[in-house]
Amino acid sequence: MIEGETAEIDTPPVRRPARLAWIHGLSARLLLLTGAFAVAVDLLVLAPAAASFHERWLTDRVRAAEVASLAVEAAPYATVQDDLAGRLLRGVGADVVVLQEEGIRRLLRGQEGGETPPDLIDLRDPDMAARLIDPWETLLGEEDRRIRVMAEPRFRDGDFIEIVAEAEPLKLELRAYVLQIVLSSLVISVVAGALLYAALTFLVLRPIGRVTEAIERFRADPEAAPPPLGRPRADEIGRVEDELTRMQDEVRNALRSRARLAALGEAVAKISHDLRNMLTAAQMASDRLASSGDPTVARALPRLERALDRALRLAQGVLAYGRSEEARPATRPLRLAAAVTAAAEDAGLTDTGVKLVNKAPVRLRVEADPDHLHRILVNLLRNAREAIEADPEGDRTGKVTVTAARDAGLVAIHVRDTGPGLPERARDRLFQPFTGSARADGAGLGLPIARELAQAQGGDLELESTGPSGAVFRLTLPAQS
């Protein structure tokens, strides 16, 4: 290892044991959350239920005392003896019974006063907070606690009726009632929680588990065909499954394209090595031809030299970079009309076949790399010529029209042909490598490379329109500032 370098170690992900994985998983959290909600619901139900039972018990005692007092007072004189009246009021469970009418207190049973005053509970007070607190004071109070209860009379006239009683009987009944409520609520909560947990497990956890397993299998072997995730669903989980399937397909296609590009790059590098030697020999031969006095050779020689120079630079660039990246463009002002004419010669446009109609203004200049601009224009013009010549209903002749105009700091160049237009299968993936070729024998790399070259110079390339009357491509490049 070279000093100063650090090795990157690909450590596998740490997997917890199955028991710990379940504890830290979504299932355990959902189960705990369901239990917590069940306990919260029990508490919310218990407090008002206990308050209602407490108030009902006290109200029943007050009404019983009121009815007993009416029975005593309604009997004829001396018919109900004092000891029987005492037993009637004592059966109510109250030590003291007091009735107040028009400000006058009447003691119906017992003796007021005592060492420790009883705790007051006024049933006439509509305070809900006090009603919720009273049951817990009874449950947590002392065994000898006494309570004084006041309420409005229902069966007789008067200001209020008041009883004083021991709190222990109420405490025992209230404790039994609260325990019954707690047990029944727990049973209901456990059953409801189990059903809810089972439903969520079936509807949510199991599908999420299948998606997680699919992701793990895809990470382990991205090129393997995935097993089906299950029946199609229309909810959010179904959308996740659909998007996962689409993502996996796109990644697999990208991996296949990457493998093809890698193989293509390796092959191009080998070919370029041999091609460079052949181009060097061809360039030497062109130098010898330059010394001949043939006027035809003299006219064709500059075009041959330009083609050999571009081919040699391209071969050297492929060998230098060893990958599909292009060199940074070296832009300079260029006359667009002259660049279109030079590209038309290399694209095979002639006066006897497919013709070039160059309507680019003669003085219009663009900021572009000469080699990159030439490759873009050659690609567009050659594609247009081949589309016209491949038209089965045409006569292998036609024209390619190039127009250009400045547009807000850019030069918009339109390349229009008279061919049959692009087929439907080639429009959607026109600028994707290996997939956008309109010809059966095409590699599908020309337009993607042309767009990449245009974007590297601050412009763009797009299909503006296509139809039976031909296709129109729009190339934008920065105008000369």
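In which helix is the place of L447? L447 sits in helix α11, and we will come back to this residue after a look at the whole chain. Keep in mind that this is a predicted model. The chain has eleven helices and twelve strands, and buried residues make up 32% of its 481 residues. Among contacts with a separation of 6 or more, 69% join residues 24 or more positions apart.

**The nonpolar cores**

- A helpful idea to start with: in soluble globular proteins, nonpolar side chains tend to be buried together.
- The largest nonpolar core here holds 41 residues, and L381 and F473 are the members that touch the most others.
- Helices and strands both build this core: α8 (336-346), α9 (370-389) and α11 (446-456), along with β8 (365-368), β9 (398-407), β10 (410-417) and β12 (470-478), each supply at least two of its residues.
- Helix α9 gives the most to this core, with eight residues.
- Once neighbours within four places in sequence are set aside, L381 is in contact with V340, A343, A344, A347, L349, L356, V400, V402 and V415.
- There is also a second, separate core of 18 residues, and V97, L123, V149 and A151 are among them.

**Helix α11 and its residue L447**

- The buried residues of α11 are L447, P448, A450, L453 and A454.
- The cover over these buried residues includes α9, β11 (460-467) and β12.
- Is L447 buried or exposed? L447 has a relative accessibility of 9%, so this residue counts as buried.
- Leaving out residues up to four places away in sequence, L447 touches N379, L380, N383, L430, F431, L461 and F473.
- One of these partners, L461, is 14 residues from L447 along the chain, and the C-alpha atoms of the two are separated by 8.5 Å.
- F473, another partner of L447, is one of the two residues that touch the most other members of the largest core.
- After α11 comes G458, which has a positive phi near 90°.

**How α8 meets α9**

- Two packed helices are described by the angle between their axes and the distance between the axes.
- For α8 and α9, the axes come within 8 Å and cross at roughly 55°.
- These two helices are therefore oblique to each other, and their crossing is right-handed.
- On the α8 side, the meeting residues are A339, V340, A342, A343, A344 and D346; on the α9 side, they are L373, H374, L377, V378, L381 and R382.
- By type, the residues of this contact are nine nonpolar, one polar and two charged.
- Notice that L381 appears on the α9 side of this contact, and that V340, A343 and A344 are among the residues in contact with L381.

**How α4 meets α5**

- What angle do helix α4 (residues 128-140) and helix α5 (residues 168-220) pack at? The angle is about 110°, and the axes are 9 Å apart.
- Because angles from 65 to 115 degrees count as roughly perpendicular, α4 is roughly perpendicular to α5.
- The crossing of α4 and α5 is left-handed.
- P135, T138 and L139 of α4 make the contact with L170, K171, L174, R175 and V178 of α5.
- The residues of the contact of α4 with α5 comprise five nonpolar, one polar and two charged.

**Strand β1 and the loop after it**

- Q100 is found in strand β1 (residues 96-101).
- With a relative accessibility of 15%, Q100 counts as buried.
- Not counting residues up to four places away in sequence, Q100 touches R105, G158, D159 and F160.
- E102 has its place in the loop between β1 and β2 (104-109).
- Although E102 is not a glycine, its phi is positive, at about 50°.
- Is E102 buried or exposed? E102 is exposed, with a relative accessible area of 76%.

**The loop between β9 and β10**

- A408 lies in the loop between β9 and β10.
- This residue is not a glycine either, and its phi is a positive value near 55°.
- A408 is exposed, as its relative accessible area is 78%.

Key:
Residues numbered from 1 in each chain as written. Predicted model: local features only at pLDDT ≥ 70, side-chain atom pairs only at ≥ 80, totals over all residues. Heavy atoms only, no water. Core = buried A, V, L, I, M, F, W, Y, C linked by side-chain atoms within 4.5 Å. Buried < 20%, exposed > 50% of the residue type's maximum accessible area, 1.4 Å probe, protein only. Helix = DSSP H or I, 4+ residues; strand = E, 2+ residues; numbered from the N terminus. Contact = heavy atoms within 4.5 Å. Axes fitted to C-alpha atoms, helices over the stretch in contact; angles between N-to-C directions. Parallel < 35°, antiparallel > 145°, perpendicular 65-115°, else oblique. Left-handed = near helix turned anticlockwise from the far one by under 90°. Nonpolar A, V, L, I, M, F, W, Y, C, P; charged D, E, K, R; others polar.
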